[in-house]
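Biologist: Before I rely on any labels given to residues here, I would like to go through the reasoning behind a few of them with you.

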Amino acid sequence: MLHHNRPAQFGGCPPGARLITFVAMTKVTAWSSRDFRRIWGATTASALGNEVGELALPVLALVWLGASAEELSWVRVATFLPYLALTLWIGVLVDRHPRRPLLIGAEAVSACVLLTMAGLALVGSLTIPMLIAAAAVLGSMAVLHMLADFSFVPLVVSREQLADANARITATQSAIGIGGSGVGGALVQWLSAPFAVVLNGIGRFVAVALICRVRTPEPTPEPSTDSTVRQASEGLAALARHRVVRSLAAEATAWNLGNEILMLALTVAVVQGHPSGPLALGVILMAGGIGAFLGASLSAQLTATFGYGRSLIAAMALGNTAPLLGVLLASDTSTRSLVVLGVALLASGVGVGVANSQAVTVRQLTVPEPLRGRVNAAYRMLSWGALAIGALLAGSLVTTWSWWPAAIVGATLMAASTLPVALSPVRGMRDLADPS
């Protein structure tokens, strides 16, 4: 499922410094860095497992354990609640410690939890409360991985290679979304959800092996006498001061809130209302992956032609509005409606693919390294924390109104999420020299 994602001084360039434009940076390849190739491989292995898991866990709850829509929503709440409860504190941890060991630990713990959960399911001992607890641990490790990876990639590649590194990672994840959702749906349909969860766990162990081979030295974080609360609040304050990053955070928060409501509603409707539910859902999500891959491929060209601000806002308008049109035209789970939803997610994916790598790069370049983990933590707390709230709302809305009205509510929030960026200084940005 799609979700939104060397240092100048935060809020301005130091005297004599000048940021290289996005277009120029995309011509410098990050592939020459051996450690980047390892990080890319680890991200790819983990993402492949995640694509399967995105379908396996809901099906495990709905089909294997007979969960209701409300119980499924609690599994999703447990997955994303750590983004609200732990993100700021984990951001401080990331800024205080080397990132590589944190990445290894996050992937190893996730792998063990996934394999344990699959084993319990296969012997008939898995329960809904156990699944909720496992989801909470997996969500916590996902927060740790996300924050550590965001701060680690800029250390592995040069400043000039960073935009290319982000574009490669985004394009690869989009490509995985193309085949991963369809393959994941087929695996869940034909092999059963527990075996699909096992594949997710194996992918995590592959990621651990690759990260262990990264040799880039990390700077030793300077000790701080400030309290954890004060350090965490610095990240929120820095995000609040920066008008561009603040607008991107507002857009991502509203988008993820709506997207979680929409996706949970579609999951319940398709899995329970279509004869080949998991496979059909995988194909629909695969359409979004195709669009995201196309968008990521066009991102640099569109930026060169129209400038950063206009291409980003146009991409967001397309990506954020298409799901609403699709839901309004598809009021059931017939084959025709599923085709309409697939086309809508294809168009949405194009917009998301164009915007995602650009947004990540500008956030990395405008945040100094000592603050990068905490500012990204504040960003993720808001944007991904909204997923927990969205999951809770979705369970209530689907139970009370049925899936289609709930999907309309979610898609409407997604469509409205473009406004904070459209009304911000982003619209006047020509390139990445402008965020200051």
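**Reasoning behind the labels**

Modeller: Please keep in mind that this is a predicted model; I suggest we begin with L191, which is placed in helix α7, residues 162-191.

Biologist: Why does L191 count as partly exposed?

Modeller: Its relative accessibility is 44%, and partly exposed is the class between the buried limit of under 20% and the exposed limit of over 50%, so L191 counts as partly exposed.

Biologist: Which residues form the nonpolar patch on the surface?

Modeller: The patch consists of W64, L122, V123, W190, L191 and F195, which together have about 680 Å² of accessible area.

Biologist: Turning to S33, in the loop between α1 (22-25) and α2 (34-64), why is S33 called buried?

Modeller: The relative accessible area of S33 is 13%, and buried means under 20%, so S33 is called buried.

Biologist: What does the side chain of S33 reach?

Modeller: It reaches the backbone oxygen of V156 at 3.4 Å, where the limit for a polar contact is 3.5 Å; leaving aside residues up to four places away in sequence, S33 touches V156 and V157.

Biologist: What makes the phi of S402 worth noting?

Modeller: Phi of S402 is near 90°, a positive value in a residue other than glycine, whereas most residues other than glycine have a negative phi. S402 lies in the loop between α14 (369-401) and α15 (403-416), and because its relative accessibility is 36%, S402 counts as partly exposed.

Conventions. Residues are numbered from 1 along each chain as its sequence is written. This is a predicted model: local features need pLDDT of at least 70, side-chain atom pairs count only at pLDDT 80 or more; totals for chains, interfaces and linings use all residues. Side-chain values use heavy atoms; hydrogens and water are left out. Buried means under 20% relative accessible area, exposed over 50%, partly exposed in between (1.4 Å probe, protein chains only). A polar contact is a pair of N or O atoms within 3.5 Å; within protein, one must be able to donate a hydrogen and the other to accept it, and residues adjacent in sequence count only if both atoms are side-chain atoms. Contact means heavy atoms within 4.5 Å. Patches are made of residues with over 30% relative accessible area and no salt bridge: like charges are joined within 9 Å, nonpolar side chains (Val, Leu, Ile, Met, Phe, Trp, Tyr) within 5 Å. Accessible areas come from the Shrake-Rupley method with a 1.4 Å probe; for residues, only the protein chains shown count as cover. A salt bridge is a side-chain nitrogen of Lys or Arg within 4 Å of a carboxyl oxygen of Asp or Glu. Helices (H or I, at least four residues) and strands (E, at least two) are DSSP runs, numbered from the N terminus.
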